[in-house]
Amino acid sequence: MTTTAHIDTAAVAHNVAMIRDHVGDSLVCAVVKADGYGHGAIGVARVAIEAGASWLAVATAPEAVELASLADPAGVAVLVLSERPDSELRAAWAGLPSRIRFVVATESGARTLDSLAAPGPTVPVHIKVDTGMHRVGVDPVDASTLADLVESLPSLQLEGLCSHLAVADEPSNDFTAIQIRRFDRVLADMVSAGHDPAIVHLANSAGALTLPATHHDMVRLGIAMYGVAPSAMIDSSGLRPAMRITSEVSAVRLVEAGESVSYGRRWYADRPTVVATVPVGYADGIRRDSGMAGVEMLVGGVRRPIIGAVTMDQTMLMVDDSVVVGDEVTVIGSQGSDEISVAEIAERLGTIPYEVLVSVGARIGRRMVG
Ligand SMILES: Cc1ncc(COP(=O)(O)O)c(C=O)c1O
């Protein structure tokens, strides 16, 4: 068995349905950028649509092109979440889904889209307001002027208003309330200036799960759809993790006391130690310093520490003499009664679950199950 990421489609469907029920009348937009957070964009998008998502979102124009063959027959809209370089848009234009939508945050972004769209059908756009993330978005005081421009351009049509939350995954952080207030004020100003964005959206997963004031017309559902909590502070009970990664032991050896393992001789055996090799390395997304950080894998239902530096293609584990070549190794997920969760790996590596998921390398085959 080669190393495989098993994607539990029933878990994705369950997570989408659970959040769809939770957000009531708001639409669910399944965020499948970065190859569906490493799970496989097409497979996840298909399941999400079946489970009630009526929109898809991606980060780039090529990602939108990849979804066209699925989105068009399903009649689903695909939203590109930020403005993209002209060259990228130009190259992708002919292959975009028929219900493509773009986020617009600048005058030049709007004009570029308008000229690309002409003389074809009008392109619906969503104005993004910078309510405090300070990454992309029009300044709140300029939002209505940008809406005026969009309405005046012959090939664009104003469909949405959106923003993005910076700390929705920290329930005690009062900056979210400030962002909500700023967003609501922009919406009110826009409406009183005569604009009527039909689809207003602010919530990410944390907002969808915990902040009804952010639900508006649509929630953009990313990490929670994959069954992972946005942070340890957000209750993830009810969500089912969608990814499980397994491999198998490719070699076993006894290392004498005083010998070292792997490059740089960073780990020494203080007693005779059985070492198992697993054919998965940093090229597959297992960070080189995972052992130092305390990351473990499961073999025989038991936690086995990673020892020495992870190499490009292989990782060594401290095991015992019950382990033999061919034994299944669980890198992420449960085995027996124990589980190595994405959240645990992220915590030990000092990062966030998102980074662990999207780091799963292209060499690891994705297998849709369930
Ligand atoms: C603009 C935007 N909306 C929604 C999401 C989804 O966020 P989450 O995965 O926390 O649900 C992201 C993800 O980074 C994003 O950039």
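Helix 1 covers residues 9-23, so its 15 residues give an expected span of 21 Å, taking 1.5 Å times one less than the number of residues. The helix reaches 21 Å from its first C-alpha to its last, close to that expectation. Helices here are DSSP runs of H or I with at least four residues, strands are runs of E with at least two, and both are numbered from the N terminus.

A quick word on where this comes from: the model is predicted, so local features need pLDDT of at least 70, side-chain atom pairs count only at pLDDT 80 or more, and totals for chains, interfaces and linings use all residues. Residues are numbered from 1 along each chain as its sequence is written, and side-chain values use heavy atoms, with hydrogens and water left out.

**Around helix 1**

Which residues of helix 1 are buried? They are Thr 9, Ala 11, Val 12, Asn 15, Val 16, Ile 19 and Val 23. They sit on the same side of helix 1, because they cover an arc of only 165° around the axis, the arc being that of the directions from the helix axis to the C-beta atoms. Buried means under 20% relative accessible area, exposed means over 50%, and partly exposed is in between, using a 1.4 Å probe and protein chains only.

Those buried residues pack against strand 1 (4-8), strand 2 (27-31), helix 3 (41-50), helix 9 (205-210), strand 9 (218-221) and strand 20 (365-369). A contact, here and below, means heavy atoms within 4.5 Å.

Now for the two ends of helix 1. Asp 8 caps the N-terminal end, with a side-chain oxygen 3.1 Å from the backbone nitrogen of Ala 10. After the helix comes Gly 24, which has a positive phi, near 60°.

A little further on, Ser 26 lies in the loop between helix 1 and strand 2. Ser 26 is buried, at 8% relative accessible area. Not counting residues up to four places away in sequence, Ser 26 touches His 215, His 216, Asp 217 and Met 218. Ser 26 and Thr 210 are 184 residues apart in sequence, and their C-alpha atoms are 14 Å apart in space.

**The whole protein**

Stepping back, the protein has 12 helices and 20 strands. Its C-alpha trace spans about 75 × 45 × 35 Å along the principal axes. Of its 370 residues, 53% count as buried. Among contacts with a separation of 6 or more, 68% are between residues 24 or more positions apart. The accessible surface comes to about 15500 Å², and 52% of it belongs to carbon and sulfur atoms; these areas come from the Shrake-Rupley method with a 1.4 Å probe, and for residues only the protein chains shown count as cover.

**Cysteines**

How many disulfides are there? The count comes to zero, where a disulfide is a pair of cysteine sulfur atoms within 2.5 Å. Why does Cys 29 not form one? Its closest cysteine sulfur, in Cys 162, is 10.0 Å away, too far for a bond. Cys 29 is buried, at 0% relative accessibility, and Cys 162 is buried too, at 1%.

**Asp 284**

Asp 284 sits in the loop between strand 14 (273-278) and helix 10 (290-293). Is Asp 284 buried or exposed? It is buried, with a relative accessible area of 5%. Its side chain makes a polar contact of 3.0 Å with the side chain of Arg 363. A polar contact is a pair of N or O atoms within 3.5 Å; within protein, one must be able to donate a hydrogen and the other to accept it, and residues adjacent in sequence count only if both atoms are side-chain atoms. Leaving aside neighbours within four places in sequence, Asp 284 is in contact with Met 312, Ser 359, Val 360, Gly 361, Arg 363 and Ile 364.

**Backbone oddities**

Most residues other than glycine have a negative phi, and most peptide bonds are trans. Here are two non-glycine residues with a positive phi.

| Residue | Phi | Place | Relative accessible area |
|---|---|---|---|
| Asp 35 | about 50° | helix 2 (residues 33-37) | 36%, partly exposed |
| His 134 | about 55° | loop between strand 6 and helix 7 (143-152) | 61%, exposed |

The peptide bond from Ala 118 to Pro 119 is cis, with omega near 0°. Pro 119 is in the loop between helix 6 (107-117) and strand 6 (123-128).
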